[in-house]
Amino acid sequence: MTIRSASTDWNALAKFFHWSIVVLLLLQGVAAVLMDGFPREMRGTLMMLHKSTGVLILLLAIARVAWRLLNKAPPPLPEVSPANRVLAQLGHGLLYLLLFAVPLSGFLMSAYGGRVTEFYGLFALPNFVAANDAMNELMQKIHEPLFFALVLAAAGHAAAALYHHYIKRDATLIRMLPGNKT
Ligand code: HEM
Ligand code: HEM
């Protein structure tokens, strides 16, 4: 596996980051929305799993951005119009922003609340900040709305990918799919 991307294709590591984050976000989002329906005695374990998987997504997002800063992204396909390129860049910027804001607001909600995050029950993560009621409340207020904003942005992004594939019939989606070479 090469670590650097070839000029026209997303490499294996870029695809791994993209799709592992998509799958984890889906599981995390569905589980979070269903969380209230589980019996009380399971809540503690479910919350530990929620916080751990959220931190895992945050770590993957950090690794992904580090990879992205150290590598050249493949240029947009020549058939994509300048206006669509700008739109895609804005959309990707927003997705990166929310990819950090959602788990960070969750982590800070827990940390400002003075609660410990046990990473899959293995070890306690440092909280980094002192307990603070006002900040805890603020993070609790924004965590779920930020998640819904991420869902909306991702839905628009997925629709754009499908538009490229089925309407424009270009290789934008193909070159992000595992196992495909353009
Ligand atoms: C990308 C990762 C994350 C996603 C998609 C996500 C999503 C959500 C959603 C949708 C809810 C609302 C559940 C409901 O009340 O119906 C929620 C609640 C919560 N999340 Fe996250 N979360 C993420 C990461 C984290 C992290 C990293 C932590 C802490 C370390 C965390 C801590 C919490 C807590 C404590 C609640 C309960 C809030 C309350 O009682 O009002 N989340 N999360
Ligand atoms: C929560 C879900 C998703 C998130 C957070 C997300 C995030 C991103 C980000 C940030 C990029 C830009 C990569 C970069 O320039 O560094 C990207 C690219 C891409 N995504 Fe997603 N994505 C999600 C879901 C999807 C889905 C469901 C599809 C397909 C239906 C998809 C297809 C693509 C494609 C084809 C590209 C490459 C675009 C290009 O080559 O210019 N994504 N994604």
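**A guided tour of the helix packing and ligand shells**

Begin by selecting helix 1 and helix 2, which pass each other in a left-handed crossing. The model on display is a predicted one. Helix 1 covers residues 12–34, and helix 2 covers residues 43–70. Their axes come within 10 Å and cross at roughly 155 degrees. Angles over 145 degrees count as roughly antiparallel, and helix 1 is therefore roughly antiparallel to helix 2.

To display this contact, select L13, A14, F17, S20, I21, L24, L25, Q28, A31 and A32 on helix 1, together with H50, T53, G54, L56, I57, L60, A61, A63, R64 and W67 on helix 2. Colouring this selection by class gives 14 nonpolar, five polar and one charged residues.

Keep helix 2 and add helix 3, residues 82–112. What angle do helix 2 and helix 3 make where they pack? The angle is about 140 degrees, and the axes lie 9 Å apart. Since roughly antiparallel requires an angle over 145 degrees, helix 2 and helix 3 are therefore oblique to each other. The crossing of this pair is left-handed.

On the helix 2 side, the residues to select are K51, G54, V55, I57, L58, A61 and V65; on the helix 3 side they are Y96, L99, F100, P103, L104, G106, F107 and S110. This contact comprises 11 nonpolar, three polar and one charged residues. G54, I57 and A61 of helix 2 appear in the contact with helix 1 and again in the contact with helix 3.

Next, select ligand 1 and the residues around it. The shell holds 23 residues, of which A32, K51, G54, P103 and G106 come nearest. Among these, A32 also takes part in the contact of helix 1 with helix 2, while K51, G54, P103 and G106 belong to the contact of helix 2 with helix 3. Which helix gives the most to the shell around ligand 1? Helix 3 does, with six residues. At least two residues each come from helix 1, helix 2, helix 3 and helix 4. By class, the shell around ligand 1 has 11 nonpolar, nine polar and three charged residues.

Now move the selection to ligand 2. It is surrounded by 20 residues, the closest being H92, A154, A158, A161 and M176. Helix 1, helix 3 and helix 4, the last spanning 133–168, are the elements that give two or more residues to this shell. Its composition is 14 nonpolar, four polar and two charged residues.

The tour then turns to backbone geometry. Most residues other than glycine have a negative phi. Select F128, in the loop between strand 2 (123–125) and helix 4; its phi is positive, near 70 degrees. F128 is exposed because it has 8 other C-beta atoms within 10 Å, and 12 or fewer count as exposed.

Continue to R169, in the segment after helix 4. R169 is not a glycine, yet its phi is positive, at about 55 degrees. With 9 other C-beta atoms within 10 Å, R169 is exposed.

The last stop is A171, also in the segment after helix 4. Is A171 buried, exposed or partly exposed? A171 is partly exposed, because 17 other C-beta atoms lie within 10 Å. Finally, draw a C-alpha to C-alpha distance from A171 to M35: the two are 136 residues apart in sequence and 39 Å apart in space.

Conventions:
Residues numbered from 1 in each chain as written. Chains lettered and ligands numbered in written order. Predicted model: local features only at pLDDT ≥ 70, side-chain atom pairs only at ≥ 80, totals over all residues. Near = placed C-beta within 6 Å. Helix = DSSP H or I, 4+ residues; strand = E, 2+ residues; numbered from the N terminus. Nonpolar A, V, L, I, M, F, W, Y, C, P; charged D, E, K, R; others polar. Buried ≥ 20, exposed ≤ 12 C-beta atoms within 10 Å, placed from the backbone. Axes fitted to C-alpha atoms, helices over the stretch in contact; angles between N-to-C directions. Parallel < 35°, antiparallel > 145°, perpendicular 65-115°, else oblique. Left-handed = near helix turned anticlockwise from the far one by under 90°. Contact = placed C-beta atoms within 7 Å.
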